[in-house]
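Me: I would like to learn how to read a protein structure one feature at a time. Could you take me through this one slowly, giving the general idea before each case?

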Amino acid sequence: EERTTTTTMNYYAVRHATQHKLVEALVEEGIIKSRRCAEAMRKVDRADFIDAGASTYADHALELAHGQTISAPHMHAYALDLLSDHLRPGCQVLDVGCGSGYLCAAFAEMVKGENEAGEQGHVTGIDNVPELVDRSRVNLQKSYSALLQDGTIELHVADGWKGYPARAPFDAIHVGAAAKSLPEELCAQLKNGGIMMIPVGKSSGAQSLLLVNKNADGTLHQRGVLPVRYVPLVPGVKPRES
C-alpha cells in the first residue's frame, strides 16, 4: 500500500543523476530538514527498490507490480523528516504498506541500535499484497540483508487497517494509503507519546496528510500537513496470485 502521492508543487519533475544528488536537492528545497533523515536517504539507494531502466532518481512515483507504486522521493523525505523525533535508536516503527521496502530500510537506518533502556530499534513492515511483501524482501536482500538477518526489519502480510498488534506499541506509524477515517486499531497500537503519519480522505476527493500525536494520557491530537492524493487503504488481505 505504498501508493502514488502528489502535492501541488512543480519541482518534483526534476531528474537527478545519483542518490546523493537527489538528496542534496531535497535538502536545498527545504523538504529535508533533519541531518539524520538526509543521512538515511543517502544510505538507502532508490535503485535497489525499482525496476531496471526506470527513471531511478527522478522525483516522482514509479509503478510497481499489482497496480501499486513506489512513492516519490520527496514523499519519502517528508515521512522521514516529519517522524524523525520518533526515529531514534531503540524506537519501534510500523510501516503500513511496505510496498517496495524503501521506507523500511530508511526507517531501520535511523532506529537501529539500542536506546538507554537497552531496547533494540525495530521496523515492522506490512502489506496486504503478498507479492509486494515478497518484493520488499528481495529488494532488501540486495544491500540491506544485515537488517533482515539481525531482526531490525521484519515483514508480514497483514491488513493495514488492523496494523500488527504482536509488535505493538509503536513509537511511530507510517501509513502509505488513504484511510476514510483514522483507523482505531492503528491509534490503539501507537505508544503514548508516539506519532502517526497517515493520509485521510476519500479516494475520489480531497485528502490531507495528517500527523497524529498520542499524548501521555492517551488522547489524540491531529494536524494537517499538506494536501495529497493516495489510493485507498484497502481492508483485508489479498489472496496470492496463482
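**Reading buried residues, cores and helix pairs**

Reply: Leu-83 is buried, with a relative accessible area of 0%, where buried means under 20% relative accessible area, exposed over 50%, and partly exposed in between, using a 1.4 Å probe and protein chains only. Before we go on, please note that this is a predicted model, in which local features need pLDDT of at least 70 and side-chain atom pairs count only at pLDDT 80 or more, while totals for chains, interfaces and linings use all residues. Residues are numbered from 1 along each chain as its sequence is written, and side-chain values use heavy atoms, with hydrogens and water left out.

Me: Where does Leu-83 lie, and which residues does Leu-83 touch?

Reply: Helices (H or I, at least four residues) and strands (E, at least two) are DSSP runs, numbered from the N terminus, and Leu-83 lies in the loop between helix 3 and strand 3 (92–96). Contact means heavy atoms within 4.5 Å, and, not counting residues up to four places away in sequence, Leu-83 touches Phe-107, Ile-173, His-174, Ile-195, Met-197 and Leu-211. The chain also brings Leu-83 and Met-196 to a C-alpha separation of 7.9 Å, although they are 113 residues apart along the chain.

Me: How many residues does the largest nonpolar core have?

Reply: A nonpolar core is a set of buried Ala, Val, Leu, Ile, Met, Phe, Trp, Tyr and Cys residues joined through side-chain atoms within 4.5 Å. Here the largest one has 54 residues, and Leu-80, Leu-87 and Ile-153 are those with the most contacts inside it. Helix 4 (residues 102–111) gives the most to this core, with nine residues. A second, separate core has 19 residues, including Ile-126, Phe-170, Val-175 and Val-212. As for Leu-87, its contacts beyond four places in sequence are Arg-36, Leu-80, Val-93, Phe-107, Met-110, Val-111 and Ala-172.

Me: How many residues of helix 4 are buried, and how many of helix 3?

Reply: In helix 4, 10 of the 10 residues are buried, so this helix is largely enclosed by the rest of the structure. Among them are Tyr-102, Cys-104 and Glu-109. In helix 3, nine of the 10 residues are buried, so helix 3 is also largely enclosed by the rest of the structure, and His-74, Tyr-78 and Asp-81 are among those buried residues.

Me: How should I describe two helices that pack together, and at what angle do helix 3 and helix 4 cross?

Reply: Two packed helices are described by the angle between their axes and the distance between the axes. Axes are lines fitted to C-alpha atoms, for helices over the stretch in contact, and angles run from 0 to 180 degrees between N-to-C directions. The axes of helix 3 (residues 73–82) and helix 4 come within 11 Å and cross at roughly 30°. That makes helix 3 roughly parallel to helix 4, since angles under 35 degrees count as roughly parallel, over 145 as roughly antiparallel, 65 to 115 as roughly perpendicular, and the rest as oblique. In this pair, His-76, Ala-79 and Leu-80 of helix 3 meet Tyr-102, Leu-103, Ala-106, Phe-107 and Met-110 of helix 4.

Me: Are helix 1 and helix 2 roughly parallel or antiparallel to each other?

Reply: Helix 1 and helix 2 (residues 35–43) pack at an angle of about 155°, with their axes 9 Å apart, and they are therefore roughly antiparallel to each other. Gln-19, His-20, Val-23, Leu-26 and Val-27 in helix 1 meet Ala-38, Met-41 and Arg-42 in helix 2.

Me: How many disulfides does the structure hold?

Reply: A disulfide is a pair of cysteine sulfur atoms within 2.5 Å, and the structure holds zero disulfides. The sulfur of Cys-104 is 5.1 Å from the closest cysteine sulfur, in Cys-98, which is too far for a bond. The sulfur of Cys-91 is 15 Å from its closest cysteine sulfur, in Cys-37, again too far for a bond. Cys-104 is buried at 0% relative accessibility, and Cys-91 is buried at 11%.

Me: Which backbone details should I look for last?

Reply: Most residues other than glycine have a negative phi, and most peptide bonds are trans. In this model, the peptide bond from Ala-168 to Pro-169 is cis, with omega near 5°, and Pro-169 is placed in the loop between strand 5 (153–157) and strand 6 (170–175). Gly-113, which follows helix 4, has a positive phi, near 100°.
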